[in-house]
Amino acid sequence: MLSDIEIAQKSKIKNIKKISEKLGILENEIEYYGKYKAKLNNDLFERVKNNKSGKLILVTAVNPTPAGEGKTTTTIGLGQALNKIGKKTLMALREPSLGPVFGLKGGATGGGYSQVVPMEDINLHFTGDIHAITAANNLMCACLDNHIFHGNKLNINPKEILVKRCLDLNDRALRNIIIGLGGKMNGVTREDNFNITVASEVMAIFCLAQDLLDLKIRLGNILVAYDYGNNPIYAKDLKVNNSMAVLLKDAINPNLVQTLENNPVIIHGGPFANIAHGCNSIRATNLGLNLADYLITEAGFGSDLGAEKFLDIKCRIANLKPDVIVLVCTVRALKYNGNDDLKAGICNLKVHIENLKKYGVNLIVALNKFISDDIHEIELIKNFCENLDVEFEISEAFEKGGAGVINLAEKVCELAEKKSNFKFIYDLDLSIKEKILKLAQEIYRANNVIYSKEALESIKKIELLKRDNLPICVAKTQYSISDDPTKLGFPSNYSFRVNNISLSNGAGFIVIYAGNIMTMPGLPKKPAAEVIDIETNKIIGLF
């Protein structure tokens with residue numbers, strides 16, 4: 001079989017104007033970025049904002065192997081299949097980060113015959129959204145250090161600076177640095193840190209902002225530091241939030257591309273789910289719901305991360321109610337969770353099914369089928385789901401495109417017509433500790449929660465700011481439902497460790513750092529960057 005990039009490069013991609021016409025988008029509502037990419041502007045939002053909302057389908061997964069389990073591939077294949085059976089369908093995906101693209105995992109444009117194109121552009125610079133987010137974040141940091149250098153009118157304590165610079169690449173050398181070396185004219189010497197851009201609060205704000213005004217307000221509410229009297233300092237105190245919004249004026253408009261089967265796809269925003277909230281922008285989701293009868297979106301990594309945050313954070317902020325959840329699994333992932341034993345690892349599927357049922361949304365398991373899968377293994381998983389009273393269907397999106405997902409698409413349509421009794425796992429009026437305990441017990445299956453001294457001090461600070469009524473965003477490993485990547489399958493009877501806590505005041509959630517989680521990943525021993533190349537304007541080795 002051809003590689004992903006070879007399949008994408010041989011596809012018959014259409015001019016993006018033709019794709020926009022499928023959605024009834026008018027000429028004044030679209031801004032072209034070449035022949036195959038475009039942005040959808042505010043004129044479109046205003047025209048369709050009162051349209052009837054389509055059905056919302058969330059695609060999530062079990063805990064993945066390091067290579068991923070084809071969640072994006074399944075999402076795209078399902079969208080193609082729904083269009084094949086006559087349903088006006090849109091997909092809303094996240095923008096890939098350059099960190100994984102040049103690192104280990106690769107990009108995020110699907111695979112095989114279920115991809116979004118132009119895949120090279122989308123996986124690389126695309127329309128520049130992530131670069132704009134990087135610039136906006138670093139402008140804030142530069143203005144903060146500049147304020148201190150020019151007299152420090154706000155009395156900022158350099159040892160209490162909370163915001164970090166960012167870069168959208170894996171670079172472990174930037175995790176802990178010292179800035180301001182070389183004398184007085186180079187600023188105040190202090191310790192600093194870098195996040196990967198997709199883990200920054202600016203990225204989270206970008207994806208949660210409803211419009212430009214909301215964006216400016218949220219940027220202004222970023223808690224950047226404390227002064228020497230332990231009073232909070234916000235980005236708006238530096239008078240920088242409006243300039244940050246200017247850098248994001250084009251980026252805030254969602255991007256329109258297409259699948260290999262020329263179906264429309266919106267791609268916008270890309271926060272990591274193991275560090276941030278792992279969902280595409282609210283603007284993209286809302287627009288998709290107003291433009292189509294079915295809007296399929298995904299949430300990063302397993303359901304213990306992306307889906308939980310989609311349901312408890314994004315749905316709460318945007319007032320969304322999903323109609324169906326598709327839980328993707330693979331034989332490979334379940335064997336990985338059972339040390340190469342499917343029967344031992346299938347308990348991981350069980351815990352994700354049980355967790356998702358607690359939200360009251362119609363659920364179906366989709367097995368992303370690999371050519372190497374044994375029929376008896378597939379039958380075992382099917383029977384397992386039936387015994388748990390959960391719908392099951394096979395997806396052959398990778399090998400066959402939309403044609404390989406027709407049965408799944410038809411079952412999703414049936415489920416979407418059934419009543420959904422969506423509810424959150426926790427109430428916002430609970431204390432910070434009560435909300436964390438609820439997640440730890442209900443989703444991560446821990447007995448209790450252990451807090452570090454730093455985490456307890458952070459809780460007190462957040463309570464003093466009266467911001468303890470916000471949702472919780474857990475940053476933890478994606479390889480386990482626990483905080484420990486070595487605890488595979490269905491861990492239980494353990495203590496969930498909270499090492500630190502921070503307030504993302506502009507985004508509107510509290511971040512819990514559990515286990516050993518890094519906000520600036522590193523490259524593997526042999527990064528993908530070593531094999532990616534370009535020959536006569538043709539990119540090779542991307543995947």
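These exercises, each with a worked solution, deal with burial, contacts and salt bridges in a predicted model.

Residues are numbered from 1 along each chain as its sequence is written, and side-chain values use heavy atoms, without hydrogens and water. Because the model is predicted, local features need pLDDT of at least 70 and side-chain atom pairs count only at pLDDT 80 or more, while totals for chains, interfaces and linings use all residues.

**Exercise 1.** Place Thr 65 and Gly 68 in the structure, and decide whether each is buried or exposed.

Solution.
- Step 1: UniProt, in an unreviewed entry, lists Thr 65, Pro 66, Ala 67, Gly 68, Glu 69, Gly 70, Lys 71 and Thr 72 under "binding site". UniProt positions are given in the numbering used here, with feature names shortened, and annotations may be inferred rather than shown by experiment.
- Step 2: Thr 65 lies in the loop between strand E3 (55-61) and helix H4 (71-84), and Gly 68 is in the loop between E3 and H4. Helices (H or I, at least four residues) and strands (E, at least two) are DSSP runs, numbered from the N terminus.
- Step 3: buried means under 20% relative accessible area, exposed over 50%, and partly exposed in between (1.4 Å probe, protein chains only). Thr 65 has 7% and is therefore buried; Gly 68, at 10%, also counts as buried.
- Step 4: apart from neighbours within four places in sequence, Thr 65 is in contact (heavy atoms within 4.5 Å) with Arg 332, Ala 333, Tyr 336 and Tyr 479.

**Exercise 2.** Describe the largest nonpolar core and the surroundings of Leu 144.

Solution.
- Step 1: a nonpolar core is a set of buried Ala, Val, Leu, Ile, Met, Phe, Trp, Tyr and Cys residues joined through side-chain atoms within 4.5 Å. The largest one has 133 residues, and those with the most contacts inside it include Ile 222, Val 224 and Phe 496. H7 gives the most to this core, with eight residues.
- Step 2: apart from it lies another core, of 30 residues, among them Ala 81 and Leu 93.
- Step 3: Leu 144 is found in helix H7 (residues 129-149). Its relative accessibility is 1%, so Leu 144 counts as buried.
- Step 4: leaving aside neighbours within four places in sequence, Leu 144 is in contact with Ile 156, Ile 161, Val 163, Val 224 and Leu 238.
- Step 5: as background, nonpolar side chains tend to be buried together in soluble globular proteins.

**Exercise 3.** Trace the network of salt bridges that holds Asp 145, and contrast the pair Glu 442 and Lys 358 by burial.

Solution.
- Step 1: a salt bridge is a side-chain nitrogen of Lys or Arg within 4 Å of a carboxyl oxygen of Asp or Glu. The whole structure has 25 salt bridges.
- Step 2: Arg 165 and Asp 145 meet at 2.9 Å, N to O. Arg 165 is in strand E8 (residues 165-167) and Asp 145 in helix H7, 20 residues apart.
- Step 3: Arg 190 and Asp 192 form a salt bridge at 3.7 Å, N to O. Asp 145, Arg 165, Arg 190 and Asp 192 are linked in a network.
- Step 4: Arg 165 is buried at 16%, Asp 145 at 13%, Arg 190 at 8% and Asp 192 at 2%.
- Step 5: Glu 442 forms a salt bridge with Lys 358, the closest N and O atoms being 3.0 Å apart. Glu 442 is partly exposed at 27%, and Lys 358 is partly exposed at 25%.
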